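Here is a set of short exercises to work through with the model open beside you. Try each task on your own, then follow the solution step by step.

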Amino acid sequence: MYTQIGEKVYQNYEKEGKANNDLLEFCDQIKQANDKIVELQDKLLEISGKKVCVSCQKEIEADVQFCPHCGGKQD
Ligand SMILES: [Zn+2]
């Protein structure tokens, strides 16, 4: 239940952009960590010659014009 309370606080922080002063620092730290994860995942994809489909968000080869999963045209 404690974990669930934490998740609720963070979801609210993401939605409203604010949190109780005592919790704001923790929420900021989680956000920074999440941003870093996204950044590193992007880098990892780039290094492995892959990208994320613009339609279905699945991992695909970087050089394809159409997604093999959903058929979505890539940029
Ligand atoms: Zn797709």
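**Exercise 1.** Find where Gln 57 sits, and work out whether Gln 57 is buried or exposed.

*Solution.* Start with the place: Gln 57 lies in the loop between β1 and β2 (59-61). This is a predicted model, so keep in mind that you're looking at a prediction. Next, count neighbours: Gln 57 has 12 C-beta neighbours inside 10 Å. A residue is exposed if that count is 12 or fewer, so Gln 57 counts as exposed. Now check the backbone. Most residues other than glycine have a negative phi. Gln 57 isn't a glycine, yet its phi is positive, about 70 degrees.

**Exercise 2.** Say which strand holds Val 52, and which residues Val 52 touches beyond four places in sequence.

*Solution.* First, the strand: Val 52 belongs to β1 (residues 50-52). Second, the contacts: leaving out residues up to four places away in sequence, Val 52 touches Leu 45, Gln 57 and Glu 59. Third, the surroundings: Val 52 has 16 C-beta neighbours inside 10 Å, so Val 52 counts as partly exposed. For a sense of distance, take Asn 34: Val 52 and Asn 34 are 18 residues apart in sequence, and their C-alpha atoms are 18 Å apart in space.

**Exercise 3.** List the helices and strands in the order they come along the sequence.

*Solution.* Count the elements: there are two helices and two strands. Then read along the sequence, and you get the pattern α-α-β-β.

**Exercise 4.** Check how the span of each helix fits with 1.5 Å a residue.

*Solution.* Take α1 to begin with. At 1.5 Å a residue, its 15 residues should span 21 Å, and its end C-alpha atoms are indeed 21 Å apart, so the two agree. Now α2: with 27 residues, α2 reaches 40 Å from its first C-alpha to its last, close to the 39 Å expected.

Then look just past each helix. α1 is followed by Gly 17, whose phi is positive, near 75 degrees. Just after α2 comes Gly 49, with a positive phi of about 70 degrees.

**Exercise 5.** Describe how α1 and α2 pack, and what kinds of residues meet there.

*Solution.* Two packed helices are described by the angle between their axes and the distance between the axes. Here α1 (residues 2-16) and α2 pack at about 75 degrees, with their axes 10 Å apart. That makes α1 roughly perpendicular to α2. Next, name the partners: Val 9, Tyr 10 and Tyr 13 in α1 meet Leu 23, Cys 27 and Ile 30 in α2. Sort those residues by type and you get six nonpolar, no polar and no charged.

**Exercise 6.** How many residues of α1 and of α2 are buried?

*Solution.* A buried residue needs 20 or more other C-beta atoms within 10 Å. In α1 the count of buried residues is zero, so this helix is hardly covered. In α2 the count is zero as well, out of 27 residues.

Two examples from α2 show what that looks like. Asp 28 is in α2 (residues 21-47) and is exposed, with 12 other C-beta atoms within 10 Å. Glu 46 is in α2 too, and is exposed with 11. Distances help you place them: the C-alpha atoms of Asp 28 and Cys 56 are separated by 29 Å, while those of Glu 46 and Glu 61 are separated by 9.9 Å.

**Exercise 7.** Place Gly 72 and list its contacts beyond four places in sequence.

*Solution.* Gly 72 is in the segment after β2. Leaving aside neighbours within four places, Gly 72 is in contact with Cys 53, Val 54, Ser 55, Cys 56, Phe 66 and Cys 67. With 15 C-beta neighbours inside 10 Å, Gly 72 counts as partly exposed. Asn 12 is 60 residues away along the chain, and its C-alpha atom is separated from that of Gly 72 by 33 Å.

**Exercise 8.** Set the radius of gyration of the protein against that of a compact globule of 75 residues.

*Solution.* The globule would have a radius of gyration near 11 Å, but the protein has 17 Å. Then take the box: the C-alpha atoms fill roughly 50 × 25 × 20 Å along the principal axes. Burial comes next, and 3% of the 75 residues count as buried. Last, the contacts: among those between residues at least 6 apart in sequence, 0% join residues at least 24 apart.

Definitions and conventions
Residues are numbered from 1 along each chain as its sequence is written. This is a predicted model: local features need pLDDT of at least 70, side-chain atom pairs count only at pLDDT 80 or more; totals for chains, interfaces and linings use all residues. The radius of gyration is taken over C-alpha atoms; the globule rule is 2.2 Å times the number of residues to the power 0.38. Two residues are in contact if their C-beta atoms, placed from the backbone, lie within 7 Å. Axes are lines fitted to C-alpha atoms, for helices over the stretch in contact, and angles run from 0 to 180 degrees between N-to-C directions. Angles under 35 degrees count as roughly parallel, over 145 as roughly antiparallel, 65 to 115 as roughly perpendicular and the rest as oblique. Ala, Val, Leu, Ile, Met, Phe, Trp, Tyr, Cys and Pro count as nonpolar, Asp, Glu, Lys and Arg as charged, and the others, Gly among them, as polar. The expected span of a helix is 1.5 Å times one less than its number of residues.
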